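Student: Please teach me how to read a protein model, one feature at a time. I'd like the general idea before the example.

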Amino acid sequence: MSANGTPKGGNRKANARSLLISQRKERAASIPPTLTQPINNNHSIHHDPSKPREERHFKDYYPDLDEDLALPLLLNEIDPNELKSNHPRIQGLKKPEFKQIPKEILPNDNSKIPKNIIKLGYKEHSMSQNPETYIRENDQFAKREQNNPFFESISSNQINFKSTYDMDEQDNYFLAYINSKIDSKQISHEIFEIAITILENEWYYLEKKIPPKIRKTYSSNSELSLKTSAAINHTKLYGADDGIGFSPEEDQRCAVCNESECDNSNAIIFCDGCDIAVHQDCYGVIFIPEGQWLCRRCMISKKRKVKCLFCPSTTGAFKQTDNGLWSHVLCALWIPELWFASAGHMEPVEGFDVIPKGRWKLNCYICKQKMGACIQCANKNCFTAFHPTCARRAGLFMEMKKGVQGAVLDKSSMHSYCHRHSPQGYNEQVDIKSGIEKTRLYYSTLNQNQSTNVLKISKEKKSVNKKWKTSRGTPIPPNYFITVISVFLKKLKIQDEENVAQQLTKYWCMKREMKRGAPLVRRTDPTGYTSGNPEELEPKSEFCKTLLQDIDQLQGLAQAVELREQERLLLDQVFKEQLQCAYFPHNTLIRLLLTKINKIDSSRFLMDLETQSLNLSQINDKSVKNNYMSLNEFLTDLESFFQEVEAINSPALIKAVRRITRDIDTNLQELKDLDLSKLDRDFVMDGVEVKEAPYQGLRAMQEVGLSDMEDD
């Protein structure tokens with residue numbers, strides 16, 4: 001408050017208000033006089049001053065403006081130098097770099113394939129031709145075609161050979177390198193694809209002959225593998241912060257949010273390298289790739305053990321920071337100063353330099369280690385510090401109110417508490433003290449093993465087992481692979497075939513290594529249920545028997561459904577006939593009589609005869625359409641037709657008509673004597689429902705002169 005009793009800032013507001021009023025007056029005085037004086041001595045501006053300018057009609061300001069008049073267009077040549085901006089260029093920006101790509105990297109797809117290549121199994125496919133079957137072709141089911149003698153002489157594994165490999169840009173560059181070393185006949189794209197297909201076929205049949213690895217199972221449960229049982233025992237002893245090994249009955253939990261529920265839009269995916277499980281939203285996987293999926297650690301640094309900058313844990317889901325180091329996704333979420341540069345992909349982790357020094361000096365009360373960056377209890381009076389991974393392993397209360405994606409955008413929605421300030425009832429559900437003891441035991445054991453070499457390498461010579469694949473999935477092919485390719489190239493009269501075959505085989509191995517050992521050609525393996533461990537064959541066999549039983553039951557169910565639908569169709573036909581008889585009884589009788597006439601005139605001698613009245617064919621059509629309203633109408637049309645035919649004075653026609661009239665004379669007499677009104681007494685029609693009428697026996701007896709009492 002000021003000395004005169006006005007609040008602080010009152011004089012400032014009054015001065016601003018007076019300044020605004022003076023500016024409005026100056027703006028009003030600067031309006032041209034033409035807007036206030038009469039124009040052309042005939043027009044003047046009349047408008048409502050309460051309306052703003054944008055709501056007024058343009059005639060209020062420009063009464064002489066013709067909106068239909070064309071505007072003049074003036075052209076003037078402009079110097080391009082004048083268009084250059086005079087603004088100074090921002091210094092320190094990187095100059096753009098461009099990589100020139102060749103116009104034609106791959107061959108033209110519309111080029112025709114030579115006939116000699118087609119004979120080798122490289123076949124053209126036409127999109128207009130329908131395949132014989134929708135099942136992928138495989139020689140295990142049936143022979144696709146006659147054996148190719150060209151490939152039979154190369155290898156017995158190339159029966160019914162068919163080229164199935166497609167080149168890419170990398171293959172084209174390698175092929176250009178190979179052809180630059182060959183002086184004579186060059187290797188075409190088709191021959192290269194055939195060679196890669198041969199190697200794929202040889203490796204496919206070789207893998208079938210390799211005996212499967214027999215793994216020991218857990219003693220207490222035969223269904224658990226040794227790795228799974230070890231993970232479960234490790235979790236029971238030390239706890240877990242990555243969701244692995246909680247329980248064999250439960251689904252593996254996400255290493256970030258610690259939840260096992262998922263849906264189609266946010267599925268849980270497993271890394272094919274370390275078997276870590278994460279949600280798509282929790283790890284930033286926008287699209288699930290086809291085939292193998294590797295987490296960021298297995299993709300970049302699978303062989304080296306990575307360490308998190310902010311905690312001592314070496315397990316869990318990792319992402320790289322902006323300086324090339326590593327961080328847990330869990331740590332990046334819970335440490336307030338860290339954030340993701342891309343919220344959708346959740347990488348890289350930034351904010352390392354923003355973390356205050358005091359956070360680096362905090363000591364975790366769970367693992368008793370002063371390293372990394374800790375977070376603190378959300379209770380405002382508690383300063384207990386702990387690592388996010390230690391809190392997850394110990395089972396502390398960690399809540400994300402808006403989920404992981406909500407926490408990425410708003411970290412105020414995340415709350416974690418120490419075991420002393422957990423929400424009411426949480427400590428009764430979760431044994432936090434036991435979890436803290438397990439976490440301390442885990443890190444004490446880990447530090448002890450790192451300080452003392454517990455694992456000693458024995459100097460005894462170990463038996464060397466033959467391996468067919470490296471740890472990265474690279475196949476180790478035997479020498480006969482090179483021999484097969486060499487024989488193939490020799491038949492095509494390509495010089496230095498052994499060296500070229502060796503180069504092709506090496507390139508095929510590197511190509512497989514790039515795909516983590518995945519095949520380069522897709523094929524359906526019908527023997528998938530017979531491969532694997534011998535212990536798995538029995539449950540697979542039982543599963544196949546169950547499938548066969550289900551197929552038999554499904555076949556019987558399909559037959560029963562087909563029989564049911566046939567009975568329904570028959571029932572509908574009977575119902576249709578019932579309605580026809582109920583609502584159109586005379587048309588039903590007419591149709592029966594016309595059916596008899598059509599049988600007599602089987603040669604259609606009278607059917608298509610042209611007459612002035614309705615002929616026999618037209619009478620049939622009228623009956624089918626239920627256009628006859630009474631029997632008399634039908635009898636009149638039929639008699640008119642017979643009389644007109646007899647008047648033609650044709651012996652053959654007269655003979656045919658008299659034959660028909662002679663055979664249906666009795667039926668015609670019955671139709672004439674029939675009283676259709678009595679039919680309504682037996683049935684009652686209610687819409688599409690036809691019900692039986694009540695008993696009317698006394699009335700019927702009276703009509704024929706009978707009595708319900710016997711005469712003495």
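Tutor: Let's start with accessibility: buried means under 20% relative accessible area, exposed means over 50%, and partly exposed is in between, using a 1.4 Å probe and protein chains only. Trp360 has 26% relative accessibility, so it counts as partly exposed. This is a predicted model, so local features need pLDDT of at least 70 and side-chain atom pairs count only at pLDDT 80 or more, while totals for chains, interfaces and linings use all residues. Residues are numbered from 1 along each chain as its sequence is written, and side-chain values use heavy atoms, with hydrogens and water left out.

Student: What percentage of the 712 residues of the chain count as buried?

Tutor: That's 32% of the 712 residues.

Student: And how many helices and strands does the chain have?

Tutor: Helices (H or I, at least four residues) and strands (E, at least two) are DSSP runs, numbered from the N terminus. Here the chain has 23 helices and twelve strands.

Student: What does a contact tell me about the fold?

Tutor: Contact means heavy atoms within 4.5 Å. Take the contacts in this chain with a separation of 6 or more: 55% of them come from residues 24 or more positions apart.

Student: Which residues does His279 touch, leaving out those up to four places away in sequence?

Tutor: Cys254, Cys257, Glu259, Glu261, Cys262, Asn266, Ala267 and Ile268. His279 itself is part of strand β2, which covers residues 277-279. With just 2% relative accessibility, His279 counts as buried. You can also look at distances: His279 and Ser265 are 14 residues apart in sequence, and their C-alpha atoms are 9.8 Å apart in space.

Student: Let's try a residue in a helix. Where does Arg297 lie?

Tutor: Arg297 lies in helix α8, residues 296-300. Its relative accessible area is 17%, so Arg297 is buried. If you leave aside neighbours within four places in sequence, Arg297 is in contact with Cys274, Tyr283, Lys302, Val306, Thr314, Gly316, Phe318 and Trp326.

Student: Now for rings. How many aromatic pairs does a search of the whole structure find?

Tutor: Rings of Phe, Tyr and Trp (its six-membered ring) pair if their centres lie within 6.5 Å; planes under 30 degrees apart count as stacked, over 60 as edge-to-face and the rest as tilted. The search turns up 18 aromatic pairs. One of them joins Phe192 and Tyr507: it is tilted, with 6.1 Å from centre to centre and 55° between the planes. Phe192 sits in helix α5 (residues 189-209) and Tyr507 in helix α16 (residues 497-514), so this pair ties together parts that are 315 residues apart in sequence. Phe192 and Tyr507 are both buried.

Student: What does an edge-to-face pair look like?

Tutor: Look at Phe352 and Trp360, which form an edge-to-face pair, 5.6 Å centre to centre with 70° between the planes. Phe352 has 27% relative accessibility, so it counts as partly exposed. You can also spot a group of rings: Trp203, Tyr480, Phe481 and Trp508 form one aromatic cluster.

Student: Which residue lies over the face of Tyr283?

Tutor: A charge sits over a ring if NZ of Lys or CZ of Arg is within 6 Å of the ring centre and within 35 degrees of the ring normal. For Tyr283 the residue is Lys319, at 4.2 Å from the ring centre. Tyr442 has Arg393 over its face, at 3.9 Å from the ring centre.

Student: Last topic: the backbone. Which peptide bond is cis, with omega near -10°?

Tutor: The one from Glu347 to Pro348. Pro348 is placed in strand β6, residues 347-350.

Student: What is the phi of Lys368 near?

Tutor: Near 60°, which is a positive value in a residue other than glycine. Lys368 is in the loop between α10 (357-360) and β7 (375-376). Its relative accessibility is 55%, so Lys368 counts as exposed. Asp496 also has a positive phi, near 55°, and isn't glycine. You'll find Asp496 in the loop between α15 (479-491) and α16. At 49% relative accessibility, Asp496 counts as partly exposed.
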